[in-house]
Amino acid sequence: RRKWNRMVGVLGEFEEGCSTSIGRLRQVVDAMDVEMHAGLASEGGSKLKMLLTFIDNLPNGNEKGNYYALDLGGTNFRILRLQLGDERSMILRHDVEQPIPPALMTSTSEDLFDFIASSLEQFVEREANSSDLPLVKRRELGFTFSFPVKQTSVSSGILIKWTKGFSIEDMVGKDVAECLQQAMIKRGLDMRVAALRKDEALKFNLNLVKAIEEITIHVYVNDTVGTLALGHYHDEDTVAAVIIGTGTNACYVERTDAIIKCQGLLTNSGGMVVNMEWGNFWSSHLPRTSYDVDLDTDSPNPNDQARGFEKMISGMYLGDIVRRVILSMSHELDIFGDVASSLLVPFILRTPLMAVMHEDDSPDLREVARILKDTLKIPDVPLKVRKLIVKVCDVVTRRAARLAAAGIVGILKKIGRDGSSGIMSGRTKNGGESSGKMRRTVVAIEGGLYVRYSMFREYLNEAVAEILGEEIAPHVILRVSEDGSGIGAALLAASHSSPS
Ligand code: ADP
């Protein structure tokens, strides 16, 4: 009995440490807003990098024609062609996805880009035989490269660092366009990078190249930016995009005059998409427990607070926070005994399994018992302990979802769409009756955690509404926008292509 009480105590203490009261969430909203300002004010001014993307022209549904996308962002590499027609009709015509050979992830930039170029070459060759493609000499292509890149134009940028298991040292600090360009020239694919200076372009176009086709790489796209583009293609009130999957990130449309660190930016629309890299967000208001501190210490990049926000909210980590709490509870109760050594293995409990336990609605928590037995090698856990474990999952997911919600409202606050600026900014579509009318605001959202974990989604939606309040909440719509990193890049190639 005493042991039981102590175990319940461990859970109670954890739950208290994870508190996301509305007051706490409002502090996180404000901190996000403040950090966004700081990251826009100067380079390195905040943990939020607030990277410029040079994208100002989001697709609006009027695009037509065939566009391509290359998508390199994780374990797979994908090439696709998108055919756009009237009234937002979109057909995914040709879509090839293949795993990146793991050896290439830690090889040289030359090897990696040669693989990409050769895949593109095969794609083009196969397409040449396709009957539905009108004869085109020029192909417009968007390139999703979902790693932190410091861009200098819409189609050039320097790799800041690798993430997600990639580590190709010679590539850090290099221009990604240049690497791709060189690889394609070697393969005899004639491509043109839109932002390259003319003399360089001429140099690259020497007759050495057997000019099969001309491919214009138009844009670099981060996956969140692709999600925003896809959202905006379907709904022009889309102002921001959030991804919550293995990792997490967000981007939004900022006014160029608010981007203080880059004076004199001019775009046609007066706005530019900013890639926040919000996984790095940190604030003392984040409810951090000893389990989070330990997870950070044990992570491959042990650095106090590094990607602190991401470690509290993304799929890579949630399961492991749960494992750590169960481990701590197990110290109090013999039931886990010494058979529980699996509990010591980091990341053994993956987030999708944690979700299954959380959402187990069988009266005897059969799924929980199964996962404890099969994955953590703890058989015969009594029902009342299983119930506590479901509670642990709930606490971890609820905190994650509510913090993500506060982050989203932080973005809305920064751009005056949270209703707090008093004037309820903006005009209605037809230009009239602007005062007192809250403008419709859409946030595109995707990622396995939000899309496939319904408890997470419900907590997040609920918290956004709770923070905004009942007057503002109905004007803010979270809309799932799946497959933005592929399709969104092709759409951006379309909206940035010069009219032919
Ligand atoms: P990416 O790896 O590019 O972020 P996704 O957006 O599909 O890809 O997210 C995958 C992540 O989402 C997984 O790593 C996992 O953490 C989480 N996830 C996937 N399915 C589920 C699920 N059913 N329940 C909870 N989390 C899930």
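So, domains: the assignment splits this protein into domain 1, which is 1–51 + 235–481, and domain 2, which is 54–221. Keep in mind that we're looking at a predicted model.

Where the two domains touch, domain 1 puts in 10 residues and domain 2 puts in 8 residues. Who gives the most on the domain 1 side? That's strand 12, residues 271–275, with 3 residues. And if you sort that side of domain 1 by class, you get 3 nonpolar, 4 polar and 3 charged residues.

Okay, strand 12 also sits in a sheet. There are 6 strands, the sheet is open, the order runs 1-12-11-10-13-14, and the pairing is mixed. At the edges you'll find strand 1 (51–52) and strand 14 (476–480); each has a single partner strand, so one side of each has no neighbour in the sheet.

Let's zoom in on one pair. Strand 10, residues 238–244, runs parallel to strand 13, residues 441–446, and they pair over 5 bridges. If you want a spot to click on, valine 242 is opposite isoleucine 445 in strand 13. Packed on this sheet is helix 6, residues 223–234, which touches strands 10, 11, 12, 13 and 14. The direction of helix 6 makes about 135° with that of strand 10.

Last stop, the ligand. Which residues come nearest? Out of 13 around the ligand, they are Gly245, Thr246, Gly315, Ala355 and Gly448. Helix 10 (351–358) and helix 13 (448–452) are the elements that give two or more residues to that shell. By class, the shell has 4 nonpolar, 8 polar and 1 charged residues.

Note on methods
Residues numbered from 1 in each chain as written. Predicted model: local features only at pLDDT ≥ 70, side-chain atom pairs only at ≥ 80, totals over all residues. Domains from an automatic or database assignment. Contact = placed C-beta atoms within 7 Å. Helix = DSSP H or I, 4+ residues; strand = E, 2+ residues; numbered from the N terminus. Nonpolar A, V, L, I, M, F, W, Y, C, P; charged D, E, K, R; others polar. Near = placed C-beta within 6 Å. Pairing = 2+ DSSP bridges. Axes fitted to C-alpha atoms, helices over the stretch in contact; angles between N-to-C directions.
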